[in-house]
Amino acid sequence: MRADARTESQYSVSGLGASFVLALLIGLAGCAVGPNYQRPAVQTPASFRDLSEKQQAQAASYADLPWWQVFQDPQLQDLIHTALKQNYDLQLATERINEARAQVAITRSSLFPQVGANGNFIGGKEGTFQTKYNFFTATADAAFQLDFFGKLRRATEASRAELLATEDARQTVILTLVSDVASDYFELLQLDLQLQITYDTIHTQQDSVKLTSLRLDHGVATKLDVLQAQQTLDTANAQIPDLQRQIAQEEDAISILLGNYPQGITRGRPLVEQTLPPDVPPGMPSSLLERRPDIRDAQQVLVAANAQIGVAKAQFFPQISLTGSGGGSFGRSSAFSSLMSSQVGIWSYGANVSQPIFTGGALRGNLKAAESEHQQALIAYRQAIQHAFGDVSDALIGYQKLHEVRVAQENTVADLRESLRISNLQYTGGTTTYLEVLDSQRSLYGAELTLAQARGNEYESLVQLYRSLGGGWQQ
């Protein structure tokens, strides 16, 4: 009775010890050294600068619109669709995601047992004793590294963050690509408009030269009138080659963005028919942190750097691995067939513990390097946020000012057109010379070219504002 009680007591203590060891192993398996990531607190402005109270109060942002609602020219939409399919920078960014996804699989595989198989066949004849033999050996080996201190889990965490960073980098490429195609397209339309204005001016000035020459022959005009008309015509003609060169170069630039060889670009609506939004609300400053893919990219780099600290710290602790193998040998020898079984089982198991004792400062240096890389990533993250707000501020100011310039230039062109009309009336009535008409024409030509450039600049600034707010890439 006492013996049974003592035996039961021993079993209880043994079972309790086993449970304690098992609980300890489970606890260690769930432990990962190194800091858990926490998003750093970053002070952001409460509002964008130089905006009206109405604009600041709007939670919705212009960047919430998909790009096909912002750029409503069907031809521009086709160009953007083509660029998203064929652009080489975007294809490279996509392949980097595939590479990063594969790297996650490689890193994560260390969390699982590694199993391999081996086979060996040997046969022959021994000449002295005329012994024949044939043996085949098959074994399977397994190795499993116990991740007690989270080295492998932290490495997987870092690898996953790097994958997310490459995905955000791809979104940055998309945002940049859409913006570049739209910006170059509006630049092309601006050049088209300037070329058309120049052609119209040439046509008008050719008539003026003919008219003033005819009036000179009849003694009602002067040589100076003819020279002024010819000078305006020559100036307009001189603009044609330069505008044509710029148009061809702009078409080449768009072709490269589309992933094509340099070629002509089909136009849609002319610049004067492109729509402008009635207002461009920037939205809340805090939403910029989630919308801008470059900020999200920098944050994921910070997550990866934080996890690498855990990897470096885990190097200080023991590395424990379990190994095992099993298999069998099958065959027969004519010399020992009566003494030896034709099948022999093979198995083994073991454990390996590795603990660094002295590394000459390598482990500590590795940890310091990981901590420094984390600080660099943190600085880069804060810098990315600062640059983002700077981009938005510059784009808002630029769009507002260029809008004002375009409106003022439209008024200037309207005034010059009225001045030209009055000059023509006065000249017809004989109260002024044709020289004043030529001056009005020359002034109007220059003002119309400036207005075309102002229109193009306003559209390009709108594109830059949409880009700086992080618009369009989510779709």
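Let me begin with phenylalanine 121, which lies in strand 1, residues 114–126; strands here are DSSP runs of E with at least two residues, helices are runs of H or I with at least four, and both are numbered from the N terminus. This is a predicted model, in which local features need pLDDT of at least 70 and side-chain atom pairs pLDDT 80 or more, while totals for chains, interfaces and linings use all residues. Residues are numbered from 1 along each chain as its sequence is written, and side-chain values use heavy atoms, without hydrogens and water.

Phenylalanine 121 is exposed, at 55% relative accessibility; exposed means over 50%, buried under 20%, and partly exposed in between, with a 1.4 Å probe and protein chains only. Together with Phe136 and Phe330, Phe121 makes a nonpolar surface patch of about 320 Å². Such patches take residues with over 30% relative accessible area and no salt bridge (a side-chain nitrogen of Lys or Arg within 4 Å of a carboxyl oxygen of Asp or Glu), and nonpolar side chains are joined within 5 Å.

I turn now to the interior. The largest nonpolar core has 72 residues, and among those touching the most other members are Tyr62, Phe71 and Val181. A core joins buried Ala, Val, Leu, Ile, Met, Phe, Trp, Tyr and Cys residues through side-chain atoms within 4.5 Å. Beyond four places in sequence, valine 181 touches Leu76, Leu79, Ile80, Ala83 and Leu257, a contact being heavy atoms within 4.5 Å.

Finally, glutamine 194 belongs to helix 6 and is buried, with a relative accessible area of 10%. Its contacts beyond four places in sequence are Leu243, Leu449, Ala452 and Gln453.

Definitions and conventions:
Patch = residues over 30% accessible without salt bridge, like charges linked within 9 Å, V, L, I, M, F, W, Y side chains within 5 Å. Areas by Shrake-Rupley, 256 points an atom, 1.4 Å probe, with all protein chains shown as cover.
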